Structure formats: C-alpha cells, structure tokens
Amino acid sequence: MTQEYDLVILGGGTGGYVAAIRASQLGLKTAIVEKGKLGGTCLHKGCIPSKALLRSAEVYATAKNSETFGITVGEVTVNFTKVQERKEKIVEQLHKGVHHLMKQGKIDVYEGLGRILGPSIFSPMPGTISVEMNNGEENEMLLPKNVIVATGSRPRTLPGLEADGQYVMTSDEALVMEELPKSIIIVGGGVIGIEWASMLADFGTEVTVIEYADRIVPTEDKEVSREMQRAMKKKGVKIITSAKVLSETLKKGDGVSIGAEVKGETKEFFAEKLLVSVGRQANVEGIGLENTEIELEKGYLQTNEFFQTKESHIYAIGDVIGGLQLAHVASHEGIVAVEHIAGGNPDPIDYTLVSKCIYSSPEAASVGLTEDEAKEKGFEVKTGKFSFKAIGKALVYGESDGFVKIIADKATNDILGVHMIGPHVTDMISEAGLAKVLDATPWEVAHTIHPHPTLSEAIGEAALAVEGKAIHS
Ligand code: FAD
C-alpha cells in the first residue's frame with residue numbers, strides 16, 4: 001500500500017522520535033520507520049541502561065562503605081540478575097512512554113527496515129521509501145514530501161577485535177551480560193570506556209584500561225583527565241596510556257590475552273573478558289544512499305546548518321552525521337530540521353554551547369572550551385577553580401573529590417568554558433550552559449546567590465576564584 005506523508009523519518013532513536021513529536025506539533029503528517037525498537041541506542045543500548053547499571057554499582061559501593069556513615073549492614077552482595085532486571089524494567093517503562101507519545105501525536109510507526117528508493121513518477125522529491133516490514137507482511141511504500149535520516153550509529157570495532165559472543169564484547173554485548181566478569185580489559189579510555197571502568201570496578205571487577213592517547217577522557221580539560229585518572233586508580237582501575245593495542249596478538253582460551261605497545265615496549269595483558277570501546281560508526285548502509293546525491297565524509301552524512309543534505313528535501317540528524325554523538329544533540333538537531341521543513345527559520349545550533357557529561361563515579365561535565373583549546377584559539381585566559389573538599393554538602397555526601405573550573409577571557413570577561421568533576425556534576429552543568437547561552441561573566445555567576453548547603457556553591461566559588469576572591473579557599 002502507498003501512503004503519503006509530509007515527513008518520513010528513518011530511525012526512531014532519540015533524534016528521530018523527538019523530531020517526529022515536533023513535526024506533529026507543527027501539523028505535519030508524519031511517519032517513523034524503525035527496524036528495531038523505538039528509543040534507539042540511547043534507550044536500549046546506551047544512555048539509560050548504562051546509567052541504570054552505574055546506579056546499581058554506586059549503591060553497592062556505598063553499601064560496602066556504609067560504616068563511614070555510621071551504618072552497619074550485613075554482608076553486601078551483588079545479585080546481577082536482579083541488577084539486570086531492574087535495568088530492563090526502567091528501559092521498558094520508557095519504551096512504553098515513547099510508544100504512547102507517538103500515539104498521542106498521531107505519528108504512524110512502521111516497524112521495519114526503511115530504504116530510500118529515489119525519485120519516482122509519483123514523487124519527484126525524495127521519492128519513495130520502501131519499508132521491509134518486520135512482521136513479514138508485504139513491503140509498505142511511503143511517499144513523503146520530506147525525509148529525515150536518523151539511522152544512528154553502532155559500536156566501532158578494531159580489525160581482529162570483533163565481538164565474539166564469549167570473550168570480546170562491545171558496549172552492546174556488555175549491557176546484556178548475565179554475569180560480572182572477574183577481570184576485564186577495556187580498550188579505549190574515552191567517555192564510554194571510563195563509564196564501564198568505573199561501574200565494573202565498583203562492582204568488584206578487576207579493570208585494566210588501555211588508552212591510545214596520553215591521558216584518559218582526552219577530549220576533556222587536562223585537569224579533569226588527571227583527576228579522573230586519580231579517581232579511577234583509587235578504585236583499583238589499572239590505566240595504561242600512550243598504548244597501542246596489537247589486535248593480532250589476541251589469544252582466547254581461558255580468558256583473553258592481548259599485547260599492547262606501551263611507550264616503545266610490548267606488554268601483555270590478561271583478563272576474563274575484553275571490551276572494545278573505541279567510538280561509533282554511522283549506520284549508512286542499506287538505506288538507499290546510492291539512489292540519492294547525498295555525500296559522505298569519513299563515513300558520515302554531510303549536511304548544512306539546517307541538516308539538509310545535498311538533496312534539499314532529505315535531512316539527516318544525530319549520530320549518523322557525526323560531530324557530537326550525544327542524545328540531547330540528536331534531539332535538538334531533529335527539532336531544528338523539522339522547524340526548517342515546516343518553513344520556520346530556526347537558529348542553527350551553536351555546538352560550543354552543548355554540555356557533555358560522563359556518568360562515572362565521580363561524574364564529569366563540561367561546556368565550552370578547555371583551557372588548552374582556549375589558548376590555542378588565541379584567548380588570554382584567566383581561570384578560577386574550586387575544590388569540593390571545601391563544600392559542606394560534598395562532605396555530607398561523603399564525596400568530596402573533584403572541583404569546578406571556570407575559564408574566562410581576560411579581555412572581555414566572557415566565560416569560555418566550565419569543567420567539573422565530582423558528585424552530581426552532570427546535574428549541575430546546565431547552570432554553566434545557561435551562563436554560556438546568556439554570555440554571562442564570572443561576576444554574574446558569582447552574584448547568582450547559590451543556596452547553602454548545596455554542591456552548586458562550588459560554581460559560585462569557582463566564579464569568584466576567577467578574580468581571586470573565593471570565600472572558602
Ligand atoms: P540512534 O539512537 O542510534 O537511533 C537510530 C535508530 O535508527 C535505531 O533505533 C535503529 O534501529 C534505527 N535504524 C537504523 N537504520 C534503519 C533503517 N534503515 N530503517 C529503520 N530504522 C533504522 N548520549 C548521551 O547524550 N548521554 C549518555 O549518557 C549516553 N550514553 C551512552 C552510552 C552508551 C553505551 C552508548 C553506546 C551511547 C551513549 N550515548 C549517550 C550516545 C547516544 O546513545 C546517541 O548519541 C543517540 O542514541 C543518538 O541518537 P540517534 O537518534 O542519532 O541514533
């Protein structure tokens with residue numbers, strides 16, 4: 001059967017389903033084609049399940065440490081089956097919520113594999129979209145005026161280190177493992193690798209992280225990387241930096257062993273499992289790109305600032321276009337694309353205003369430039385830093401490692417970047433995000449009276465510290 005739509009979205013992940021809701025709000029007749037589950041990577045294989053596991057690990061670590069709070073408990077053990085069940089329950093609740101939102105917005109959902117067939121006599125614009133239905137029924141044919149490609153990404157692997165269902169995993173397999181490994185090698189010390197390292201170490205797994213760069217979380221401010229490394233080591237995580245994993249040396253048997261070239265020397269590492277966490281790769285295959293003029297660069301779809309590809313009626317958003325591969329970025333890109341489709345004039349996204357978070361324990365969060373980036377761009381900078389050690393609420397929580405650092409431009413007083421590592425900073429970064437959006441100065445942040453006792457006092461104090469006027473340092 002052929003159906004006509006104002007908009008058809010390929011992929012119902014965080015980018016796709018949010019775009020569909022905005023499209024429905026704007027009165028566009030909209031359909032989503034999803035080959036897996038609505039909610040995509042973030043809901044089923046990313047943000048939500050990983051944070052559910054992190055939370056269980058944190059509760060376990062806190063319970064084991066309960067004497068510090070004057071609380072004596074019996075033997076504390078992990079029932080990993082229940083940990084996984086809790087995670088599944090949260091995911092399912094949210095999954096149902098997304099289906100409800102689609103229904104509420106009168107958005108048609110096609111469960112199947114979508115493919116762009118190109119212009120046809122029926123539709124000269126993006127052409128027909130064929131949907132190979134998951135239930136085996138006859139292919140659906142959709143005739144849209146506009147298309148958004150939001151097909152997301154999947155874990156990148158290294159040749160020779162592909163997931164094998166037993167020893168080698170990516171985050172996809174790790175999220176559904178049935179038992180906790182006694183030991184693990186994590187290849188890649190980026191955001192996802194460090195979240196896993198933190199979680200597994202808190203659960204009691206022996207963790208070794210092998211990172212190619214000279215520091216873990218290398219896209220963060222150097223001082224945050226250093227503090228994160230210290231925190232991971234405190235948990236017992238072994239961190240090997242400036243190390244190139246030699247995939248060809250992988251041996252499987254009673255666990256895994258792998259070699260790595262570390263500062264000119266070859267070293268061998270052993271563990272029960274190996275997790276490859278070396279980034280993501282765009283899902284661009286099998287979606288009919290060959291029937292379009294759309295261009296790829298380094299495997300990602302190319303778009304303009306309104307997310308139009310070379311074919312102006314085909315837009316692309318989210319992980320499939322690369323850049324900051326984050327759920328909130330994918331959603332926002334979807335909203336901008338839909339508002340443009342609907343004839344609006346949305347503001348292009350300023351990616352320097354996007355907050356980035358790491359949900360390890362301690363957490364890290366940032367917005368704007370790192371100190372090195374600011375200097376490379378020619379800014380003369382002044383910085384203010386304030387430790388959670390002097391924040392009453394952090395001591396009350398028993399989590400006083402970390403700091404807030406603010407980088408400002410000496411010439412204009414503008415805030416260039418804010419970097420935090422410590423308790424609950426992922427929930428605090430939005431204040432810094434708002435300060436950046438409003439072009440606030442450290443003075444304005446400092447004069448936003450922060451309630452006492454809160455963790456956010458560290459932001460106010462760091463802002464005062466930019467002028468050397470912090471109160472509690
Ligand atoms: P996806 O969520 O990948 O959705 C794409 C959808 O398209 C999928 O459902 C797929 O099945 C479907 N699809 C693909 N091809 C077709 C086709 N031909 N036809 C029909 N459907 C198709 N981001 C954060 O912001 N915060 C976090 O804490 C966070 N944690 C993460 C943890 C992990 C372990 C991982 C892996 C990622 C994490 N991310 C996090 C990143 C986040 O998940 C992604 O940035 C986000 O999901 C991107 O959304 P998207 O809509 O572009 O793509």
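Mentor: Welcome! A polar contact is a pair of N or O atoms within 3.5 Å; within protein, one must be able to donate a hydrogen and the other to accept it, and residues adjacent in sequence count only if both atoms are side-chain atoms. This is a predicted model, where local features need pLDDT of at least 70 and side-chain atom pairs count only at pLDDT 80 or more, while totals for chains, interfaces and linings use all residues. Residues are numbered from 1 along each chain as its sequence is written, and side-chain values use heavy atoms, with hydrogens and water left out.

Trainee: What makes Lys51 a polar contact of the ligand?

Mentor: A polar side-chain atom of Lys51 lies 2.7 Å from an oxygen atom of the ligand. The limit is 3.5 Å, so the pair counts. Backbone atoms take part too: a backbone N or O atom of Cys42 lies 3.3 Å from a ligand oxygen, and a polar backbone atom of Gly114 is 2.9 Å from a ligand nitrogen.

Trainee: Which residues come nearest to the ligand?

Mentor: Glu34, Thr41, Lys51, Asp319 and Ala327, out of 38 residues around the ligand. A residue is near a molecule or strand if one of its heavy atoms lies within 4 Å of it.

Trainee: Why is the pair Glu195 and Lys51 called a salt bridge?

Mentor: The term asks for a side-chain nitrogen of Lys or Arg within 4 Å of a carboxyl oxygen of Asp or Glu. Here the closest N and O atoms are 2.9 Å apart, so the pair qualifies. Between domain 1 and domain 2 there are two salt bridges, and the whole structure has 24.

Trainee: What are the bounds of the domains?

Mentor: Domain 1 is 2-154 + 281-341, domain 2 is 157-278 and domain 3 is 362-465. Such bounds come from an automatic or database domain assignment.

Trainee: How do you know how much area domain 1 and domain 2 bury?

Mentor: Buried area is the accessible area (1.4 Å probe) that two parts lose on being put together, summed over both. For domain 1 and domain 2 that gives about 1300 Å², 66% of it on carbon and sulfur atoms. Lys45, Leu54 and Phe80 supply 38% of the area that domain 1 buries against domain 2, more than any other three residues.

Trainee: What makes Arg22 and Glu339 a salt bridge?

Mentor: Their side chains meet at 2.3 Å, N to O, so the pair passes the cut-off.
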